[in-house]
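Reader: I am happier with a pipette than with a coordinate file. Could you walk me through this one, feature by feature?
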Amino acid sequence: MDLRKICEEIRVDILKCIGSIGVGHIGGCLSIVEILAELYFKHMNIDPQNPKMEGRDRLVCSKGHAGPAIYAALANRGYFSKDILLTLNQSETSLPSHCDMNKTSGVDMTAGSLGQGFSCAIGMAIGSRLKKDNAYIYAIIGDGESQEGQIWEGAMYAAQKKLSNLIAFCDYNKMQIDGNLEDINSLDPLDKKWESFGWNVIVIDGHDLGQIDNAIIKAKSQNEKPTMIIANTIKGKGVKFIEDAGYGNHSMSLSKEQVEEAIAEIRRNA
Ligand SMILES: Cc1ncc(C[n+]2csc(CCOP(=O)(O)OP(=O)(O)O)c2C)c(N)n1
Ligand SMILES: [Mg+2]
């Protein structure tokens, strides 16, 4: 499977999905595309025909505002038709702006209140271990989200429990809702922080498919610690005017013309 092509399709579908309503969390959706492609299309033991399959791997997108990225990936993976992407956040939709496990096929955990999804992932990793179903639990947290105290409570507990079946990513795009992390509440040195909390830490370029793949393989190759993959990313990755908006792309209005321009650029650079 050509994962680069998958990334292209996911990016285009994020644009169409958010474009259907004209505003949304575009920056933090575009920054996790390669991670989603590796997880949903290569590593996760899942079945779109049987979304609640016992013992499946699970993904908790704790930065739940990246719902449209999850939906674009799930639609491409065959969980539902791409037409549904155009109903984002409308009344009666199965695709609310933030992830909701009771509404969307393939979404494993409801999230949106930053910090909470990560704790759920830890509970799911403990549950899987108790059930001995050999599942991996994946989580994606934001870097702004990492300012939540709850993240570090979870970090301590997951290490205490030696949850090597928990593989988390931090989308380290260095931007939060209304500023750059370094101006608001810097996380540096983020790798040392996670290491000191007892985690297996791997630092990668979060847009390099090979590095993501290797990091997941490495995480699975040990059974002592939970793994935090610190993914250096670019908020808005793949569309120049969105990247150039900086943290202004956290939640951004997009006109029809801008959506078309963005899709054309993604197609051109593919
Ligand atoms: C507990 C909580 N406080 C505030 C918010 C509002 N909020 C939504 S996204 C966001 C910024 C998150 O930044 P980051 O985790 O870096 O997200 P990304 O850059 O990946 O989009 C904030 C403050 C929230 N969803 N939950
Ligand atoms: Mg961020």
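Author: Gladly! Let's start with a pocket: helix H1 gives the largest share of the lining of the largest pocket, five residues. Do keep in mind throughout that this is a predicted model.

Reader: How much space lies in the largest pocket, and which residues lie nearest its centre?

Author: The largest pocket holds about 390 Å³ of space. Its lining has 15 residues, and those nearest the centre are Arg4, Arg11, Glu34, Asn269 and Ala270. Two elements, H1 and helix H11 (256–268), each give two or more residues to this lining. Sorted by class, the lining has eight charged, four nonpolar and three polar residues.

Reader: What does the second largest pocket have by way of volume, and which classes make up its lining?

Author: Its volume is about 280 Å³. It is lined by 20 residues, with His65, Leu114, Gly144, Glu145 and His250 the closest to its centre. Here the lining has eleven polar, six charged and three nonpolar residues.

Reader: Histidines always catch my eye. Where is the place of histidine 250, and is it buried or exposed?

Author: To judge burial, look at the relative accessible area: under 20% is called buried. Histidine 250 has 10%, so it counts as buried. It sits in the loop between helix H10 (240–244) and strand S9 (252–253). Leaving out residues up to four places away in sequence, histidine 250 touches Gly24, His25, Ile26, Gly27, His65, Gln176, Ile177 and Lys235.

Reader: Now a charged residue, glutamate 8. Is it buried or exposed, and what does it touch?

Author: The same cut-off applies: glutamate 8 is buried, since its relative accessible area is 11%. This residue belongs to helix H1 (residues 3–19). Beyond residues up to four places away in sequence, glutamate 8 touches Ile266, Arg267 and Ala270.

Reader: Can the idea be carried over to a whole helix? How many residues of helix H3 are buried?

Author: Yes, you simply go along the helix residue by residue. In helix H3 (residues 33–43), ten of the eleven residues are buried, so the helix is largely enclosed by the rest of the structure. The buried ones are Val33, Glu34, Ile35, Leu36, Ala37, Glu38, Leu39, Tyr40, Phe41 and His43.

Reader: On to the sheet. In what order do the strands come, and is the pairing parallel or antiparallel?

Author: In general, strands of a sheet pair through backbone hydrogen bonds, in either a parallel or an antiparallel way. Here five strands make an open sheet with the order S2-S3-S4-S8-S7, and the pairing is parallel. S2 and strand S7 (200–205) are the edge strands, each pairing on one side only. On average, neighbouring strands are turned by 20° against each other, direction ignored.

Reader: How many bridges join S2 to S3, and over how many do S7 and S8 pair?

Author: S2 and strand S3 (residues 137–142) are joined by four bridges. Within that pair, arginine 58 has isoleucine 137 of S3 as its bridge partner. At the other edge, S7 pairs with strand S8 (residues 227–232) over six bridges. There, valine 203 stands opposite isoleucine 230 in S8.

Reader: Which residues of S2 lie on each side?

Author: Side chains in a regular strand alternate between the two faces of the sheet. In strand S2 (residues 58–61), Arg58 and Val60 are on one side, with Leu59 and Cys61 on the other. All four are buried, and both faces of S2 are covered.

Reader: Which strands does helix H9 lie across?

Author: Helix H9 (residues 209–220) lies across S3, strand S4 (166–172), S7 and S8, and runs at about 170° to S7.

Reader: Finally, what should I look for in the backbone?

Author: Most residues other than glycine have a negative phi, and most peptide bonds are trans, so departures from this are worth a look. Glutamate 92 has a positive phi of about 75°. It lies in the loop between helix H4 (67–77) and helix H5 (116–131), and with a relative accessible area of 81% it is exposed. Lysine 174 also has a positive phi, of about 65°; this residue is in the loop between S4 and strand S5 (175–176) and is partly exposed at 34% relative accessible area.

Reader: Which peptide bond is cis?

Author: The one from aspartate 188 to proline 189, where omega is near -5°. Proline 189 is in the loop between helix H7 (181–184) and helix H8 (190–196).

Definitions and conventions. Residues numbered from 1 in each chain as written. Chains lettered and ligands numbered in written order. Predicted model: local features only at pLDDT ≥ 70, side-chain atom pairs only at ≥ 80, totals over all residues. Heavy atoms only, no water. Buried < 20%, exposed > 50% of the residue type's maximum accessible area, 1.4 Å probe, protein only. Contact = heavy atoms within 4.5 Å. 1 Å grid on protein atoms, 1.4 Å probe; cavity = no way out; pocket = protein on both sides within 12 Å on 5 of 7 lines; lining within 4 Å. Points joined across faces, edges and corners; volume = space filled by probe spheres on them. Nonpolar A, V, L, I, M, F, W, Y, C, P; charged D, E, K, R; others polar. Pairing = 2+ DSSP bridges. Axes fitted to C-alpha atoms, helices over the stretch in contact; angles between N-to-C directions.
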